[in-house]
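Colleague: I have a model open on my screen and would like to learn how to read it. Could we go through it together, feature by feature?

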Amino acid sequence: MSDLKVQIKNLYKIFGKNPKSMVKHVEGGMSKPDLLKNHGHVIGLNNINLDIPAKGIQVIMGLSGSGKSTLIRHINRLIEPTAGEMIVDGQDVLTMSPDALRDFRRFNASMVFQKFALLPHRTVIKNVLYGLEIQGIEEKEAMERGQKWLERVGLKGFEEHYPAQLSGGMQQRVGLARALATDADILLMDEAFSALDPLIRTDMQNILLELQEELHKTIIFITHDLDEALRIGDNIAILRDGAMVQTGSAQDIVLNPADEYVTDFIQDINRARVLELNSIMGKKPAKATALKLDKSMVIDVAMQELSNAKAKSATVVDGNKVVGSVTMDSMVQAIARPDGEVKGIDSYR
Amino acid sequence: MAEDSLIDWSKLTWIEPPVMGRQDLRDLKKGIDGSFRDFIRENGEWIENIFEPLKWILIKFEHAMVGMPWPLFLVIVAGLSYLGSRSWKLSLGAVLSFILIGWLDMWEGTMATVAMVSVATFLCIAIGIPIGVWMSRSDRVQGAIVPVLDIMQTIPSFVYLIPVVMLLGIGKAPALIAVMIYAIPPIVRLTNLGIRLVDKETLEAADAFGANKKERLFGVQIPLALPNIFAGVNQTIMMALAMVVIAAMIGAGGLGTPVLRAVNNQYLALGVFNGMAIVAIAIIFDRVSQAYGKRLQKHREGGHGV
Ligand SMILES: Nc1ncnc2c1ncn2[C@@H]1O[C@H](COP(=O)(O)OP(=O)(O)O)[C@@H](O)[C@H]1O
Ligand SMILES: [Mg+2]
């Protein structure tokens with residue numbers, strides 16, 4: 001689980017006429033608006049450092065324009081960096097020869113796009129086969145594999161349709177099948193579900209999580225939606241103006257937001273569905289109570305359990321071991337918004 | 001008239017426009033003509049040789065068409081029209097038009113014209129699409145070629161007939177070249193445009209899956225540009241047909257020749273018949289190629305059920 005798959009080191013991307021000469025300004029701490037005003041260059045990425053473990057889902061989050069798409073496109077080098085390293089499986093993608101890079105894209109990293117980016121002149125099955133065709137897989141085998149993935153995403157029977165004949169959700173299933181079919185162990189998803197309706201989006205998240213249970217790919221998932229990030233991310237990194245402001249697990253980010261930007265992000269989430277007992281429990285064992293709850297249970301389930309058992313407190317366990325306790329009160333405390341944010345609500349009254 | 005005008009401009013003699021001396025001008029023209037003649041004298045032969053295969057293809061093709069039994073030709077017309085348009089009405093119309101053309105004794109001229117236009121279109125496609133692809137890849141190339149295309153489309157055709165005739169004389173090959181100069185710009189322009197309009201994200205997807213240049217071009221760019229490229233083919237055919245009469249002046253033969261004779265001798269009926277035959281061919285080519293172009297775009301239509 002903790003093998004490093006992707007290591008991003010001191011990555012800079014500056015857009016403009018002479019980006020290399022701008023690195024020293026950015027290193028010196030010049031802000032994005034200042035660099036634009038004084039030197040006419042745009043900061044895309046500002047000194048990004050991130051270690052992405054293998055076989056997990058790394059979410060990268062940020063507001064629109066914060067550099068998410070720019071960052072993910074450096075992993076397969078659809079965008080050339082201004083400075084820095086992108087180590088994947090011990091190799092720096094950013095110094096690969098064109099041939100090596102093409103092979104890397106063919107076999108090691110596949111991508112799912114926000115607007116699907118299917119090939120409109122090809123049928124659904126032919127879209128799924130696209131990566132295999134480019135890998136040079138022989139037709140019969142490719143067909144079998146493509147068919148398998150099409151079935152896995154629930155599109156059996158739509159082989160001969162054209163993308164334009166499908167709904168957005170179905171099109172993105174094709175996009176997902178196309179990416180999975182190449183058997184690459186890195187899956188890059190740039191706001192893959194952002195263009196979909198909320199219900200369909202949840203569907204797609206479920207499909208992805210289900211597949212991941214068994215596939216254990218290294219997934220890098222971009223989103224601007226915190227609920228989505230919390231739902232599927234093992235780790236979350238937050239970008240602002242091209243710089244990384246915080247990385248950590250969902251628990252870390254919700255409990256200890258690094259700055260106001262992150263606080264703004266998390267203020268509307270349902271904390272009861274995110275926070276696990278693990279991160280809010282007291283260390284003291286509970287007073288005699290029969291109720292035992294697992295440490296990775298989220299608060300809203302735990303409250304339901306307490307209420308059903310008509311208990312005021314519960315013991316938190318890790319397997320058979322007692323690790324702490326929670327009370328109804330402590331849970332209510334934990335899900336209340338931090339002080340600063342309540343004012344906003346007061347003003348409505 | 002001079003008294004009526006408010007100002008008598010004729011007093012202002014100094015305002016005469018500057019004109020090159022008569023002698024100098026004559027020398028300049030002579031110089032240009034002379035050096036072009038010298039150029040031809042030195043290079044004419046190999047240039048003519050280059051175009052020899054062109055002439056050969058055209059003549060063979062024309063002979064094949066003129067020599068073809070007319071029912072066979074009608075079957076081919078019906079077949080191609082139907083393949084292109086999937087409309088039996090259009091195919092029937094095409095067949096009837098050609099029967100009428102034969103009835104009015106314009107069969108040979110029509111065959112020569114159809115051969116000329118077909119060969120010209122084919123060559124325009126073969127040359128024009130690669131140029132369009134090249135333009136689409138570089139703004140600098142585009143910047144260099146667009147003005148050339150503009151000139152080719154706006155310069156009166158008679159002007160470039162002169163050097164073409166000086167080089168190659170009168171005959172099929174120079175006529176074909178004159179037609180091609182006029183007809184090639186649309187296919188080049190629309191290939192360039194079509195490829196430039198290909199959705200950036202789709203292209204990025206091809207890159208992300210590791211497509212190389214060739215796979216990008218033939219797997220994504222050209223297929224997605226095809227509707228535009230086809231619009232270019234259609235326009236190229238129409239422009240080639242528009243040149244039929246002018247090309248006849250330098251030896252194209254075909255339906256243009258009787259039209260020229262009709263103009264010189266004021267034979268109204270002859271001119272109108274042959275003119276109508278050209279129009280009929282144009283309409284058939286246009287409808288069939290447009291219907292085919294539309295079918296190429298079918299996959300763009302939304303909605304369920306094919
Ligand atoms: N090709 C480009 N030229 C100039 N600026 C760009 C270019 N691409 C992106 N940017 C800028 O870089 C920033 C990050 O963009 P992007 O990565 O697309 O953000 P996100 O995906 O988070 O919405 C934005 O300010 C954007 O305007
Ligand atoms: Mg983006």
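Colleague: Let me begin with charges: with which residue does Lys5(A) form a salt bridge, and how far apart are the closest N and O atoms?

Modeller: Happy to help! Two notes before we start. This is a predicted model, where local features need pLDDT of at least 70 and side-chain atom pairs count only at pLDDT 80 or more, while totals for chains, interfaces and linings use all residues. Residues are numbered from 1 along each chain as its sequence is written, chains are lettered from A and ligands numbered from 1 in the order in which they are written, and side-chain values use heavy atoms, with hydrogens and water left out.

Modeller: Now the idea: a salt bridge is a side-chain nitrogen of Lys or Arg within 4 Å of a carboxyl oxygen of Asp or Glu. Here Lys5(A) forms one with Asp185(A), and the closest N and O atoms are 3.0 Å apart. Lys5(A) lies in strand β1 (residues 4-15) of chain A and Asp185(A) in the loop between α8 (168-181) and β7 (186-190) of chain A, so the pair ties together parts that are 180 residues apart in sequence. Helices (H or I, at least four residues) and strands (E, at least two) are DSSP runs, numbered from the N terminus.

Colleague: Are the two partners, Lys5(A) and Asp185(A), buried or partly exposed?

Modeller: Buried means under 20% relative accessible area, exposed over 50%, and partly exposed in between (1.4 Å probe, protein chains only). Lys5(A) is buried at 9%, whereas Asp185(A) is partly exposed at 34%. The pair also belongs to a network of salt bridges that links Lys5(A), Asp89(A) and Asp185(A).

Colleague: How many salt bridges are there over all chains?

Modeller: The count comes to 23 over all chains. One of them joins Arg102(A) to Asp99(A), with the closest N and O atoms 2.7 Å apart. These two are three residues apart in helix α4 (residues 98-108) of chain A, so about one helical turn separates them. Arg102(A) is partly exposed, at 24% relative accessibility.

Colleague: Which residue of chain B forms a salt bridge with Arg106(A)?

Modeller: That is Glu215(B), with the closest N and O atoms 3.3 Å apart. The pair crosses between chains, from helix α4 of chain A to helix α9 (residues 213-242) of chain B. Arg106(A) is buried at 14% relative accessible area, while Glu215(B) is partly exposed at 25%.

Colleague: Let's turn to the ligand. Which residues are around ligand 1?

Modeller: A residue is near a molecule if one of its heavy atoms lies within 4 Å of it. Around ligand 1, the residues include Phe15(A), Lys32(A), Val42(A), Gly67(A), Lys68(A) and Thr70(A). The shell divides into three nonpolar, six polar and two charged residues; Ala, Val, Leu, Ile, Met, Phe, Trp, Tyr, Cys and Pro count as nonpolar, Asp, Glu, Lys and Arg as charged, and the others, Gly among them, as polar. Helix α3 (residues 68-75) of chain A gives the most to this shell, with three residues.

Colleague: What polar partner does an oxygen atom of ligand 1 have in Lys32(A)?

Modeller: A polar contact is a pair of N or O atoms within 3.5 Å; within protein, one must be able to donate a hydrogen and the other to accept it, and residues adjacent in sequence count only if both atoms are side-chain atoms. In Lys32(A), an N or O atom of the side chain is 2.8 Å from an oxygen atom of ligand 1. Polar backbone atoms also take part: that of Gly67(A) is 3.1 Å from a ligand oxygen, and that of Lys68(A) 2.9 Å. The protein covers 60% of the 560 Å² of accessible area that ligand 1 has on its own, as computed by the Shrake-Rupley method with a 1.4 Å probe; for residues, only the protein chains shown count as cover.

Colleague: And sheets: in what order do the four strands of the open sheet in chain A come?

Modeller: Two strands pair if DSSP finds at least two bridges between them. The order is β2-β1-β4-β5, with antiparallel pairing. The edge strands are β2 (42-53) and β5 (91-92), each pairing on one side only. β1(A) and β2(A) pair over eight bridges, and Gln7(A) stands opposite Asp51(A) in β2(A).
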